[in-house]
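Here's a quick tour, starting with the whole chain and then zooming in on one helix. Have the sequence and the model open as you read.

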Amino acid sequence: MTSHEVTVVRIYIREAERVLGKVIDFLHDQAKVRGVTVLRGIEGFSENGELRTVSLLDLSLDLPLIVEFYEDSDKVEAIVATLVDEMQLTHVISFPAKAYTQRA
């Protein structure tokens, strides 16, 4: 097994923002990241305190989404700059991690 340093990026958006497709297209077609995972939250709230939840009584179409990917640290800065500047994303975080792979 080998390991190398990467940076994990998490992008927090809401379904109602309608930017998920644009973000995925950019990450796939232009940034060419290794892979992306989208997680759909079942409940959450943002800075304004408005609670968004999925329940039997109220099936919200504005649930929180997390778009997550990892990439070599030297590529991430440019990718995040594009996401923040061109797509006006306001909740993007990143942190260092190690990626483990099998020896070829």
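## The chain as a whole

Of the 104 residues in the chain, 29% are buried. Keep in mind that this is a predicted model. The C-alpha trace spans about 50 × 30 × 25 Å along its principal axes.

As for surface, the chain exposes about 7,200 Å², and 54% of that comes from carbon and sulfur atoms. On the charge side, there are 11 positive and 17 negative side chains, with the centres of the two sets 5 Å apart.

## How the elements line up

Two helices and six strands make up the list of elements in the chain. Reading from the N terminus, the order goes β-α-β-β-β-β-α-β.

Contacts reach a long way along the sequence here: take those between residues at least 6 apart, and 78% of them join residues at least 24 apart.

## Helix α2 and its two faces

Now for α2. This helix has 15 residues and runs 21 Å from its first C-alpha to its last, close to the 21 Å expected at 1.5 Å a residue. Its buried residues are V76, I79, V80, T82, L83 and M87. They sit on the same side of α2, because the arc they cover around the axis is only 155°. That fits the general rule: an α-helix has 3.6 residues a turn, so residues three or four places apart point the same way.

Flip to the face turned away from that buried side and you'll find the exposed residues D74, E77, A78, D85 and E86.

## What α2 packs against

Which elements do the buried residues of α2 pack against? The partners are β1 (2-14), α1 (20-30), β5 (64-71) and β6 (92-101).

Just past the end of the helix comes Q88, and its phi is positive, near 50°.

## A closer look at T82

T82 is part of α2, which covers residues 73-87. Is T82 buried or exposed? T82 counts as buried because its relative accessibility is 18%, and the cut-off for buried is under 20%.

So who does T82 touch, once neighbours within four places in sequence are set aside? The contacts are F26 and M87. M87 is itself on the list of buried residues of α2, while α1, one of the elements that the buried side of α2 packs against, spans 20-30.

Key. Residues are numbered from 1 along each chain as its sequence is written. This is a predicted model: local features need pLDDT of at least 70, side-chain atom pairs count only at pLDDT 80 or more; totals for chains, interfaces and linings use all residues. Side-chain values use heavy atoms; hydrogens and water are left out. Helices (H or I, at least four residues) and strands (E, at least two) are DSSP runs, numbered from the N terminus. Buried means under 20% relative accessible area, exposed over 50%, partly exposed in between (1.4 Å probe, protein chains only). Contact means heavy atoms within 4.5 Å. Accessible areas come from the Shrake-Rupley method with a 1.4 Å probe; for residues, only the protein chains shown count as cover. Lys and Arg count as positive and Asp and Glu as negative; His and the chain ends are not counted. The place of a charge is taken as NZ of Lys, CZ of Arg, CG of Asp or CD of Glu. The expected span of a helix is 1.5 Å times one less than its number of residues. The arc is that of the directions from the helix axis to the C-beta atoms.
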